[in-house]
Amino acid sequence: MLIIDNIDPIATKSPAQDELAATLDYLQELSRPIIVTTSRLAPAIKGIKPALASRLSQGYSIGLAKPSDATRDELTRNFVRSIDRKLPEEQLLKLASELSAKTALSVSELRDIVTIAHHNLAADGELDLSVVAKLARQHLLHDAPTIPTIAKLVAKKFRVKLVDLRSSTRQASVVRARGLAMLLSREFTTNSLLQIGKFFGGRDHSTVLHSCRKTQQLLLTDSELANLADDIRSELL
């Protein structure tokens with residue numbers, strides 16, 4: 001089975017469209033199932049070639065709606081239970097409801113909100129919902145900080161080079177800065193540990209997790225690091 005979630009970006013990539021059209025022909029000959037999601041019917045997407053549009057128009061087209069209020073609440077509960085049961089379920093339900101007031105949230109957006117909350121859950125189980133709400137709104141408006149943005153800001157505050165943060169150097173000042181950049185990337189973005197590690201020199205998820213936990217402990221005893229972290233958080237928010 002071939003599944004493509006959101007084919008819209010291929011509209012700007014002519015060679016990729018040709019390759020996909022050939023792939024669809026091949027899979028059709030083998031009677032293999034194909035599922036494709038789009039923002040609108042393929043012929044209405046600007047930039048999609050007629051040859052590909054005709055292939056994507058075959059079969060059944062089904063309109064998908066965003067979750068209803070009841071479905072939204074049930075999905076939020078399921079995400080809380082699967083991501084971190086220590087999260088305040090009822091408070092996140094209320095937050096999801098408030099954020100859905102103007103436009104219904106998609107399934108992925110609901111998961112992202114719970115993920116943001118999980119990333120900001122303190123070791124003692126405390127959660128600042130006002131921070132989560134701000135980050136969630138930024139995310140929904142596509143104005144949330146990115147890993148590169150966070151890394152550049154940390155590098156500037158620590159007066160180190162961005163290239164050093166992404167290198168393998170073990171210089172003490174760089175290690176402290178890198179650890180904080182990883183921790184803030186986890187707090188302020190919905191990127192996975194693997195994605196964060198990939199940006200910071202291709203480190204694996206366990207290395208990133210270890211660095212984040214070590215930095216969290218340092219923040220409790222290192223006032224200079226804690227002050228820098230607070231300054232950076234205030235700028236990101």
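On the surface, Met1, Ile3 and Ile35 form a nonpolar patch with about 330 Å² of accessible area together. Such patches are made of residues with over 30% relative accessible area and no salt bridge, where nonpolar side chains (Val, Leu, Ile, Met, Phe, Trp, Tyr) are joined within 5 Å and like charges within 9 Å. Accessible areas come from the Shrake-Rupley method with a 1.4 Å probe, and for residues only the protein chains shown count as cover.

A word on the model: it is predicted, so local features need pLDDT of at least 70 and side-chain atom pairs count only at pLDDT 80 or more, while totals for chains, interfaces and linings use all residues. Residues are numbered from 1 along each chain as its sequence is written, and side-chain values use heavy atoms, with hydrogens and water left out.

Back at the patch, Ile35 lies in strand S2, residues 34-36. Helices (H or I, at least four residues) and strands (E, at least two) are DSSP runs numbered from the N terminus. Ile35 counts as partly exposed because its relative accessibility is 41%; buried means under 20% relative accessible area, exposed over 50%, and partly exposed in between.

Now to helix H5, residues 107-119. Its 13 residues reach 19 Å from first C-alpha to last, close to the 18 Å expected at 1.5 Å a residue (the expected span is 1.5 Å times one less than the number of residues). The buried residues of H5 include Leu110, Ile113, Val114 and Ala117, and also Glu109, Asp112 and His119. The buried residues of H5 pack against helices H3 (69-83), H4 (89-99), H6 (129-140) and H9 (172-188), where contact means heavy atoms within 4.5 Å.

Charged pairs come next. The structure holds twelve salt bridges, each a side-chain nitrogen of Lys or Arg within 4 Å of a carboxyl oxygen of Asp or Glu. Here are some of them:

| Pair | Closest N to O distance |
|---|---|
| Arg72 and Asp73 | 3.2 Å |
| Arg81 and Glu89 | 3.4 Å |
| Lys157 and Glu235 | 2.8 Å |

Lys157 lies in helix H7 (residues 147-158) and Glu235 in helix H12 (residues 223-236), so their salt bridge ties together parts that are 78 residues apart in sequence. Lys157 is partly exposed at 30% relative accessible area, and Glu235 is partly exposed at 47%. Arg72 is buried, with a relative accessible area of 7%, whereas Arg81 is partly exposed at 36%. Arg81 and Glu89 also belong to a network of salt bridges that links them with Glu74 and Arg77.

Key
Buried means under 20% relative accessible area, exposed over 50%, partly exposed in between (1.4 Å probe, protein chains only).
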